[in-house]
Amino acid sequence: MRRAVIFDIDNTLIDTQERFSLCEKEAKGSKNALWQCYFSGEHLELDKPISSMIRLLKAYKHYGYEIVLITGRPLTTKEYTEKQLQEFGIEYDIIIYREDGDYSFDFLYKATVVEKLMTKYEIIRMYDDSDKVRKYLAAKLHIQVFDPKV
């Protein structure tokens, strides 16, 4: 069985806080407008690579682990997401997007995806900025999920 390490994208490999804050202001309290702005591909110039996490990803890749990216970004963001990953030098073997129209909780979406991946890979560990994702996956699937900020 192949060995893999899983990474989230937003706020794990790429700092999107400035884009989120700007979209929050533009949305004026509307959650729908906030997420439309955030996933529109506008304001990507505000995003910054998280160098320490990208170095860690590259080290895993160097030692032969498969790199799997699981993102909450919808499939409609594929073109600009992959361009952004390339610009930031983020290498990966597989990227899994949320299906358009899937509004399930992040931790449930990611648990479903990881559970399927576990039939093909030995998951060594996962990195995700969401506390709910880390706790749920650790409890439900018994995998190590680390906070990139630590």
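Which helix do K83 and E87 both lie in, and how many residues apart are they? Select the two and you'll land in helix α4, residues 78–87, where they sit four residues apart, about one turn of the helix. (Helices here are DSSP runs of H or I with at least four residues, strands are runs of E with at least two, and both are numbered from the N terminus.)

Before moving on, some housekeeping. You're looking at a predicted model, where local features need pLDDT of at least 70, side-chain atom pairs count only at pLDDT 80 or more, and totals for chains, interfaces and linings use all residues. Residues are numbered from 1 along each chain as its sequence is written, and side-chain values use heavy atoms, with hydrogens and water left out.

**Stop one: K83 and E87**

Show the side chains of this pair: they meet in a salt bridge, 3.8 Å from N to O. The term covers a side-chain nitrogen of Lys or Arg within 4 Å of a carboxyl oxygen of Asp or Glu. Turn on the surface, and both ends count as exposed: K83 at 53% relative accessibility, E87 at 55%. (The cut-offs: buried is under 20% relative accessible area, exposed is over 50%, and partly exposed is in between, with a 1.4 Å probe and protein chains only.)

**Stop two: K48 and E18**

There are 17 salt bridges in the structure, so pick K48 and E18 next; their closest N and O atoms are 2.2 Å apart. This one links distant parts of the chain, with K48 in strand β3 (residues 48–49) and E18 in helix α1 (residues 17–27), 30 residues apart. K48 is partly exposed at 38%, and E18 is partly exposed as well, at 41%.

**Stop three: R98 and company**

Now select R98 and D106, a salt bridge whose closest N and O atoms are 2.9 Å apart. Add D8, D102, K110 and D128 to the selection: salt bridges with shared partners join these residues, R98 and D106 into one network. Is R98 buried or exposed? R98 is buried, with a relative accessible area of 9%, whereas D106 is partly exposed at 28%.

**Last stop: the disulfide**

Finish with C23 and C37, joined by a disulfide with an S to S distance of 2.1 Å. (A disulfide is a pair of cysteine sulfur atoms within 2.5 Å.) The structure has one of these. Check the torsion about the S-S bond: at -65°, the link is left-handed. C23 belongs to helix α1 and C37 to helix α2 (residues 31–38), so the pair ties together parts 14 residues apart in sequence. Both cysteines are buried, C23 at 0% and C37 at 11%.
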